[in-house]
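Hello,

Here is the structure I promised to pass on to you. Please have it open while you read, and my notes follow below.

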Amino acid sequence: MKFTLFFINVLFTLHSITIYSLPFVVFHGISDKCSNGGITHFTELLSNWSGSSGHCIEIGNGEWDSWFMPFPKQIDIACQKLKKMSELSEGYNIIGLSQGNMVGRGVIEFCDDGPPVRNLISLAGPHAGIASIPLCGSGIWCILEDSLLKLAIYSNFIQAHLAPAGYIKIPTDIANYRKGCKFLPVLNNEVHRNSTYKKRFASLENLVLIMFEKDEILVPKQTSWFGYYPDGSFSTVLPAQKTKLYTEDWIGLKMLDEAGKVKLLKVCGSHLEISTSEMKKNILPYLLDNVSTTVTKSRSSGLLWPLSFDDEFSGVVEEILQLHTPAETVSLR
């Protein structure tokens with residue numbers, strides 16, 4: 001998106017322009033933390049480019065709690081932190097990274113009396129669920145997580161102690177998913193329709209869904225766009241528009257889409273691997289979407305030259321950012 005301001009006025013000339021853009025917050029993915037270099041650099045780049053204040057919101061100790069703290073508690077912690085940030089009172093944008101989108105969407109839908117969210121910018125979000133769970137490596141908590149997987153994924157114990165279990169959706173075990181999964185069926189209004197959750201989600205000004213073409217962490221990768229397997233089968237992946245979540249409009253996704261507010265974007269990398277040029281193309285415009293300007297004028301005569309925001313970002317060295325801890329997946333088919 002290119003922002004260009006043209007001023008032609010024989011009575012006034014531009015003395016100064018002050019640009020105000022909404023702040024944004026970042027929710028990182030699993031096995032990660034706000035202090036990690038990739039997350040810090042990502043946040044700083046977007047903040048510098050947009051002129052927005054950017055904040056990564058940490059929940060607990062980050063890495064450990066991203067695995068073992070259930071989502072209702074994660075969301076409550078995030079909600080309380082955001083409500084204490086006075087600069088968000090006029091609205092803000094959320095950038096979700098992978099599992100961080102579950103926290104971000106939970107804030108949008110569940111956080112009572114929280115500051116208004118304008119845009120949700122989702123990178124590799126498991127919105128419709130996943131059919132495999134990531135393994136984080138060989139550390140002690142990863143060994144514990146692997147052991148928990150050997151138990152029933154929809155048991156009360158695992159749902160209470162393994163965060164990713166809250167959005168595992170095995171298409172060949174839908175009955176147990178709806179009965180035992182404690183988080184995603186609530187977030188997606190699958191069982192008990194909550195009009196407040198739908199109203200809050202549908203109030204977004206933009207829902208930006210970014211899928212990574214080489215993503216092997218999310219199974220299927222189309223879950224980034226709310227696409228998923230049909231109930232009872234792994235044979236194909238339905239686009240979002242053919243799922244019941246969309247056709248019956250459980251959360252307002254169809255409403256947003258028909259209003260032109262859903263942006264389905266694609267980048268070429270693996271899971272959460274994104275270049276600076278892709279960031280500027282796919283993320284930055286939605287941080288500038290609510291830009292307002294204050295113009296101070298002084299009397300003069302003459303023609304003013306155009307001011308282009310593109311000029312601000314020219315000459316930036318291209319980088320590839322890796323925004324997650326490398327992981328493997330284990331199939332639950």
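**What I found**

Let me start inside: Leu272 is buried, with a relative accessible area of 0%. Leu272 sits in the loop that runs between β9 (262-267) and β10 (273-275). Its backbone stands out too, since Leu272 has a positive phi of about 60° although it is not a glycine. As background, most residues other than glycine have a negative phi, and most peptide bonds are trans.

Before going further, please keep in mind that this is a predicted model.

**The chain as a whole**

The protein chain has 333 residues, and buried residues make up 51% of them. Its secondary structure comes to 14 helices and 14 strands. Taking the contacts in the chain with a separation of 6 or more, 77% are between residues 24 or more positions apart.

**Other backbone points**

Ser31 also has a positive phi, of about 60°, and it is not a glycine. You will find Ser31 in the loop between β3 and α1 (37-50). Is Ser31 buried or exposed? With 5% relative accessibility, Ser31 counts as buried, because the cut-off for buried is under 20%.

Further along, the peptide bond from Val219 to Pro220 is cis, with omega near 0°. Pro220 belongs to the loop between β8 (206-212) and α10 (244-247).

**Two helices to look at**

After the loop that holds Ser31 comes α1. This helix has 14 residues and reaches 20 Å from its first C-alpha to its last, close to the 20 Å expected at 1.5 Å a residue. Its buried residues include Ile39, Phe42, Leu45, Leu46 and Trp49, and also Thr43, Ser47 and Ser50. Gly51 follows α1 and has a positive phi, near 75°.

Now to α3, residues 71-83. How far apart are the end C-alpha atoms of this helix? They are 18 Å apart, which agrees with the 18 Å that its 13 residues should span at 1.5 Å a residue. The buried residues of α3 are Phe71, Gln74, Ile75, Ala78, Cys79 and Leu82. Seen down the axis of α3, these buried residues fall within an arc of 135°, so they line one face of the helix. Among the elements that cover them are β3 (24-27), α2, β5 (92-97) and α4.

Gly60 makes a link to this helix region. Gly60 lies in the loop between β4 (54-56) and α2, and it counts as partly exposed because its relative accessibility is 46%. Gly60 and Ile77 are 17 residues apart in sequence, and their C-alpha atoms are 8.3 Å apart in space.

**A cavity**

The count comes to two cavities of 30 Å³ or more. Let me describe the second largest cavity, whose volume is about 100 Å³. Which residues lie nearest its centre? They are His28, Ile59, Ser66, Gln74 and Val103, out of 14 residues that line the second largest cavity. Gln74 is thus a name you have met already, as one of the buried residues of α3. The lining of this cavity divides into five nonpolar, seven polar and two charged residues. Both α2 (63-68) and α4 (100-110) supply at least two residues each to that lining, and α2 and α4 are also among the elements that cover the buried residues of α3.

I hope this gives you an easy way in. Enjoy exploring!

Best wishes

Definitions and conventions: Residues are numbered from 1 along each chain as its sequence is written. This is a predicted model: local features need pLDDT of at least 70, side-chain atom pairs count only at pLDDT 80 or more; totals for chains, interfaces and linings use all residues. Side-chain values use heavy atoms; hydrogens and water are left out. On a 1 Å grid over the protein atoms alone, a cavity is a set of points where a 1.4 Å probe fits but cannot get out, and a pocket is an open set with protein on both sides within 12 Å along at least five of seven lines; lining residues have an atom within 4 Å of a point. Grid points are joined across faces, edges and corners, and a volume is the space filled by probe spheres set on the points. Helices (H or I, at least four residues) and strands (E, at least two) are DSSP runs, numbered from the N terminus. Ala, Val, Leu, Ile, Met, Phe, Trp, Tyr, Cys and Pro count as nonpolar, Asp, Glu, Lys and Arg as charged, and the others, Gly among them, as polar. The expected span of a helix is 1.5 Å times one less than its number of residues. Buried means under 20% relative accessible area, exposed over 50%, partly exposed in between (1.4 Å probe, protein chains only). The arc is that of the directions from the helix axis to the C-beta atoms. Contact means heavy atoms within 4.5 Å.
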